[in-house]
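Welcome, and please open your viewer. We will make a few selections together, one stop at a time.

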Amino acid sequence: MTVYRPGEDTYLLASVIEHKDLKDLDCLEIGTGSGFIAEKMLENGAQKVTAVDINPEAVEKASERLSGHESAEVFRSDMFQNVEEKYDIIVFNPPYLPSEASRIGDEEIWAGGEKGVEASEKFVEEAEDYLKEGGEAFFVASSLSELEVFDDLEVVDSRKLWFEELFVFKFK
Ligand SMILES: C[S@@+](CC[C@H](N)C(=O)[O-])C[C@H]1O[C@@H](n2cnc3c(N)ncnc32)[C@H](O)[C@@H]1O
């Protein structure tokens, strides 16, 4: 399986993280890929960062990237399946494109379900159980997917690209 290389969506979510004071906070990244965002969380003062991915090759890559950081742990997990603790901040740059797109291969990177939002909806549903009191969760979504389902969530940042607009939604 290919490991996702940081792109515009990665940088958008990373910039939200960079503007937050993470000092003394425990942070979790679902779908860490190369570990780029997890590393930003550490650089931004997080007390602890847990980074998980469904793709074992991403786990390997992110482990390499975060190996110098004692307060980081990386392991394989399908969403929250192997996550046992609660966190102050949880982030996910999910697969967010509608699956009928005429691409095949590496679906775990881009295919967010038929409407493009299914992986994110699952994240929103499950994250609640892994957030500490007062915790916050953030995820990326694209204008190419059926975003109406997130109408009641706050958009904290966005970026227009030539073919789509990316949003970072926050909840809790
Ligand atoms: C768009 S990439 C983002 C990677 C990285 N966070 C970044 O922003 O550059 C989506 C990542 O989510 C992972 N992923 C997809 N479904 C997942 C699931 N159910 N549980 C955990 N990780 C998942 C993929 O393997 C991939 O690494």
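On this tour, a residue counts as near a molecule when its C-beta atom, placed from the backbone, lies within 6 Å of it. Please keep in mind that this is a predicted model.

**The ligand.** Start by selecting the ligand and the shell around it: 25 residues surround the ligand, and the closest are Thr10, Gly31, Gly33, Ile54 and Asn93. Which elements give two or more residues to this shell? They are helix H1 (8-18), helix H2 (36-43), strand E2 (48-53) and helix H4 (107-110). Now colour the shell by residue type, and you will find 13 nonpolar, eight polar and four charged residues.

**Helix H1.** Next, select H1 and show the side chains of Asp9, Leu13, Ala14 and Ile17, which are buried. Turn the view to look down the axis of H1: its buried residues fall within an arc of 130 degrees, so they line one face of the helix. Here is a handy rule for that view: an α-helix has 3.6 residues a turn, so residues three or four places apart point the same way. What do the buried residues of H1 pack against? Add H2, strand E4 (87-92), E5 and strand E7 (165-171) to your selection to see these partners.

**Leu131.** For the last stop, move to strand E5 (residues 131-142) and pick Leu131. Is Leu131 buried or partly exposed? Leu131 counts as partly exposed, because it has 18 C-beta neighbours inside 10 Å, whereas 20 or more would make a residue buried. Beyond its neighbours within four places in sequence, Leu131 is in contact with Lys86, Tyr87, Ile90, Ala137 and Lys172. Try a distance label from Leu131 to Tyr87: they are 44 residues apart in sequence, yet 5.0 Å apart in space, C-alpha to C-alpha.

Technical notes. Residues numbered from 1 in each chain as written. Predicted model: local features only at pLDDT ≥ 70, side-chain atom pairs only at ≥ 80, totals over all residues. Helix = DSSP H or I, 4+ residues; strand = E, 2+ residues; numbered from the N terminus. Buried ≥ 20, exposed ≤ 12 C-beta atoms within 10 Å, placed from the backbone. Contact = placed C-beta atoms within 7 Å. Nonpolar A, V, L, I, M, F, W, Y, C, P; charged D, E, K, R; others polar. Arc of directions from axis to C-beta.
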